[in-house]
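Thanks for sharing this one. Here are a few notes to read alongside the sequence and the structure.

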Amino acid sequence: MAFRPLEVWNRWAIQILLLLSLGMHVLLLPLAGIRRRRAPMLLRVPLWLAYHLADTIGIYAIGLLSLSSAPREHRLMPFWAPFLLLHRGGPDSIGAYAFHDNQLWLRHLQLFVVNVMAVTYVLYIHLTRGDAFLAMAALLMFAVGVGKYGEKVAAIRGGNKNSIRSSLPKKPTAARHHHVHHWDHGLLPNKAAAGAAAVDEEEAYLRHAHHMFHMSKRATVDSWLEKDPEHHTMEMLRALRKQDAMGMWAFAELQLSLLYDVLYTKAAVIHTWPGYLLRLASSLAIAAAAFLLFRFSGRDDVDDDVVDVVVTYVLLAGAFVMEVASVMNALGSSWTYAFLCTTRWSSLRYTALCTGRWDRLRQLVKTIHGRSDVSVRRWSGEMGQYNMFHFCSRHRRAHRPLAGRIAMAMGFEDWWNRKHYSATANISDELRQELFRYVQRLTETGLNSQGVIRKSWGQEALERDDKGLYERIKRDRNLGVEFQEGVIIWHIGTDIFLARSRSGIEEAAAAGGGVGDDAGAAAADLPLVVKMIRTLSNYMMFLLVNHPNMLPGLAQGMVYRRTCENLSDRSKTHQQGGHVISREIIGTKLREMFCLQDGPASVVPADSHVHELANKVYEEMPKYSQSVPRLCYANGVAVELLGRVKEKGVEAVLRLLRDVWMDFVVYAANRCSRESHAKKLSSGGELTSVVWIMTDFLNQEAYARQKD
């Protein structure tokens, strides 16, 4: 017999939709957490589809149930309607998909009301009055579905800025975490309380991040400075400043992770008395509904279709397993620790925390998951990389990638260029330490009482080296009128300077390697300093090209495109010449034809094509006119830096250049809109977001210390 899809759909449409709805719910469970870290498109696309298809399938299935005559013939079908509400609630690990969902929470509320009314209509019309057990089971599941779906709407509403702002005054200072482990040596944990399980360093950072999370919430809604912080908070702020770089970075990353929980998961509504009671009641209600349904199906006058029975118990089993998992995950979450610390029930706090029972439960949940909750919470440490010289010397070559040709034919050339010529690099521990030291210095005098950087981008680093240097660069407009223009100018100027100073840097590093004193060791570290400079410069260009909303000031897309055109005109790599054909060259061309990513470090030998184009731009400087002002300004930066090499040496100039780029990063982090930081958390976060929260905390400590 031939397979006829249309006949199958006409007969089993409702059953198929119910199982698809359950499938979307199950698919969200493992995929929802990938947004904490930078995830490949292969995972992000299924997550996006599952989140949005769930609503579409649910609405269509409810409409089909209400209009179809099948529920009159299949008595179990009305019982399925409440499961569509339950599935709309989704797992605990995802509430809003994007930041704008929180702002448009009224739209989700409207959908909630419409869906509840539609399910109520289905139950009223099709539920047989004589089936008491089935009616009670359906009402129980209806209550569970309404509660879980309503909780999702409440979580989305709680993630918008107005709700976060209004929630801050409701937390009195004295009500915050009374039960915290004592600490010694900064933030490292001391002996655990009597009877409590030992806490590792990462877990301790997470618990104290909860204690100070109210500061991050203030930072998000632009009302950050706390006028009269409590004594324990002041002690922790002082300990933060004394911490090493790794400790402060861990603390800042965990703060952002907690902020992600509030914005994009249900954490804010789960870890309350109503949230815990809803999970317990839901599990019991689903078990009771299954028992009532079993009694209903055991009656002699009931003769249901086998497929209907199987679908019903699949829905019940799936709901029960996920609710039990929800209860376990909720109780074993670090948010429960924060809840127990602030509860007024001292007996509950003592029973759970002081005896170590909750610590053992959390360890059990970690073991079941097979991973550390804290390590997953941390920022991935990946920085985007994009280099203008690399792009301009590569994108016009004759052997362009096949996928790029297809993208260009379809009108996606700009998108392809952004993605294809970008890459990622892991932030080094040395760069973390240098950024931390720079922020420490800056928060002593460089920020005003609102936590905003007083000076322009690059000004702090240039003035610290030589105030006259900053005045000259500012006078010649070599810092740019807008921040993003300044990034373009200094990015090009940096590559020109590094190309012109290449031999001097290599000689200084080689000479320093043979000297045993501190000066020799510092000279030997010059390749590391150069790597930091390149990484930061390429990162800021990556943000400008791929995420301009993460940078302050007016967008400079047209300036960037015109500068790229000017650089491409001076590149020789796209010109045809007489090349010797060999198997090795043919193999290289073929690999490049099918290459999907061509980042700044993809060419071997690395940076050779960048240095070639940079030297050409510098050598042609006398020919420039006002038609290419950005190249003129960039050459002015390079000339100024090269001149200082003769005065102070290449080592001093490289460290100055590193500080200037760190100033660019800190300025971008501090002056970027808080909304942009919040939006980026849903796709893994950025280095600038970590720097932003770290700067805010250190400035809070400096501000409070000045008041003492």
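1. A word on the term used most below: a salt bridge here is a side-chain nitrogen of Lys or Arg within 4 Å of a carboxyl oxygen of Asp or Glu. By that criterion R658 and D659 are a pair, with their closest N and O atoms 3.5 Å apart. Please keep in mind throughout that this is a predicted model.

2. Are the two partners of that pair buried or exposed? The cut-off for buried is under 20% relative accessible area. R658 has 8% relative accessibility and therefore counts as buried. D659, at 14% relative accessibility, counts as buried as well.

3. How many salt bridges does the whole structure hold? The search finds 34. As general background, side chains of opposite charge can pair when their charged atoms come close. The next points pick out some of these pairs.

4. K148 and E323 form a salt bridge, and their closest N and O atoms are 3.3 Å apart. This pair links distant parts of the chain: K148 sits in helix α7 (residues 132-158) and E323 in helix α15 (residues 306-331), 175 residues apart. Both K148 and E323 are buried.

5. Do have a look at the surroundings of that pair too. Which residues join K148 and E323 in a network of salt bridges? They are D92, E151 and R279.

6. Another pair to inspect is E203 with R362, whose side chains meet in a salt bridge at 2.7 Å, N to O. E203 belongs to helix α9 (residues 201-211) and R362 to helix α18 (residues 357-369), so the salt bridge ties together parts that are 159 residues apart in sequence. E203 is buried, and R362 is buried too.

7. Now to helix packing. The axes of helix α2 (residues 41-67) and helix α6 (residues 105-126) come within 9 Å and cross at roughly 30°. Since angles under 35 degrees count as roughly parallel, α2 and α6 are therefore roughly parallel to each other. Their crossing is left-handed.

8. Which residues make this contact? On α2 they are Y51, I59, I62, L65 and S66. On α6 they are H108, L111, N115, A118, V119, Y121, V122 and H126. Sorted by class, the contact of α2 with α6 has nine nonpolar residues, four polar ones and no charged ones.

Note on methods: Residues are numbered from 1 along each chain as its sequence is written. This is a predicted model: local features need pLDDT of at least 70, side-chain atom pairs count only at pLDDT 80 or more; totals for chains, interfaces and linings use all residues. Side-chain values use heavy atoms; hydrogens and water are left out. Axes are lines fitted to C-alpha atoms, for helices over the stretch in contact, and angles run from 0 to 180 degrees between N-to-C directions. Helices (H or I, at least four residues) and strands (E, at least two) are DSSP runs, numbered from the N terminus. Angles under 35 degrees count as roughly parallel, over 145 as roughly antiparallel, 65 to 115 as roughly perpendicular and the rest as oblique. A crossing is left-handed if the near helix is turned anticlockwise from the far one by less than a right angle, and right-handed if clockwise. Contact means heavy atoms within 4.5 Å. Ala, Val, Leu, Ile, Met, Phe, Trp, Tyr, Cys and Pro count as nonpolar, Asp, Glu, Lys and Arg as charged, and the others, Gly among them, as polar. Buried means under 20% relative accessible area, exposed over 50%, partly exposed in between (1.4 Å probe, protein chains only).
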